[in-house]
Amino acid sequence: ADLAAAKADALASRRDVRTARLSLNRLLGMDDYAVVVVTGTWVPPEVPPEPEPEPRLLEGHPKLASLEASVASARAGVASSQASLWPTLSASYSRTWKDPQWFPDKPGWSASGSLSYRLFSGGPTQTWYAMQKAQRNLEGAQADFRSGRSSLRSSLESAWANLASAASNVSVASESLDA
């Protein structure tokens, strides 16, 4: 029974090696199945120390950068929603030359200005609702950022736990092999 179990384990290990080679080829961008043989000795690694909860460990992660950009965009949306509270000022200036002859020498000019404030059509009430919506979008983006950061931290912790378990299992398997 032990012999049959050992043979089954050996076959399973061969299958695992084959799928690992295919995965390695895919990651290296190789289309065909290629056999990569490595020889040498491998010393089991030490179990890494438990990571400290530092925010710098997550800096530069693309998902976190995307969520930070969403928060910045929502902040800009809040500022943009308040734009209707301010009056609009327009000014224009033009200069002309008039004369019945080809080279005119009588200059003329005009200037105009306009100051307007939307009071009824989309005025303060629409602006208030737009500001409320923009503020809720900002709060949602900030909540998504906190959730994403927490998710990344959890993924980091899970990856560390898997690495520590794998390193422990390798050292135990190495001792079993020696025995």
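**View 1. Helix 3 of this predicted model, end to end.** Helices here are DSSP runs of H or I with at least four residues, strands are runs of E with at least two, and both are numbered from the N terminus. Helix 3 has 55 residues and should span 81 Å at 1.5 Å a residue; its end C-alpha atoms sit 80 Å apart, which agrees. That expected span is 1.5 Å times one less than the number of residues. Residues are numbered from 1 along each chain as its sequence is written. Because the model is predicted, local features need a pLDDT of at least 70 and side-chain atom pairs count only at pLDDT 80 or more, while totals for chains, interfaces and linings use all residues; side-chain values use heavy atoms, with hydrogens and water left out.

**View 2. How confident the predictor is, element by element.** pLDDT is the predictor's confidence in each residue, from 0 to 100. The chain averages 84, and 91% of the residues score at least 70. Among the elements, helix 2 (residues 62–81) has the highest mean at 92, and helix 3 (residues 124–178) the lowest at 86.

**View 3. The buried residues of helix 3.** Buried means under 20% relative accessible area, exposed means over 50%, and partly exposed is in between (1.4 Å probe, protein chains only). The buried set of helix 3 includes Ala134, Leu138, Phe145 and Leu152. Helix 2 is among the things covering them.

**View 4. Leu58, tucked in with helix 3 residues in sight.** Leu58 belongs to the loop between helix 1 and helix 2. Which residues does Leu58 contact, leaving aside neighbours within four places in sequence? They are Leu64, Arg149, Leu152, Arg153 and Leu156, with contact meaning heavy atoms within 4.5 Å. Leu58 counts as buried because its relative accessible area is 10%. Leu58 and Leu156 are 98 residues apart in sequence, yet 8.7 Å apart in space, C-alpha to C-alpha.

**View 5. A salt bridge along helix 3.** The whole structure turns up one salt bridge, meaning a side-chain nitrogen of Lys or Arg within 4 Å of a carboxyl oxygen of Asp or Glu. Glu157 pairs with Arg153, and their closest N and O atoms are 3.6 Å apart. Both partners lie in helix 3, four residues apart, or about one turn of the helix. An α-helix has 3.6 residues a turn, so residues three or four places apart point the same way. Glu157 is partly exposed at 27% relative accessibility, and Arg153 is partly exposed at 22%.

**View 6. A nonpolar surface patch with Phe120 in it.** Leu85, Trp86, Tyr117, Leu119 and Phe120 make a patch of about 640 Å². Patch residues have over 30% relative accessible area and no salt bridge; nonpolar side chains (Val, Leu, Ile, Met, Phe, Trp, Tyr) are joined within 5 Å, and like charges within 9 Å. The areas come from the Shrake-Rupley method with a 1.4 Å probe, and for residues only the protein chains shown count as cover. Phe120 lies in the loop between strand 2 (106–116) and helix 3, and counts as exposed because its relative accessible area is 78%.
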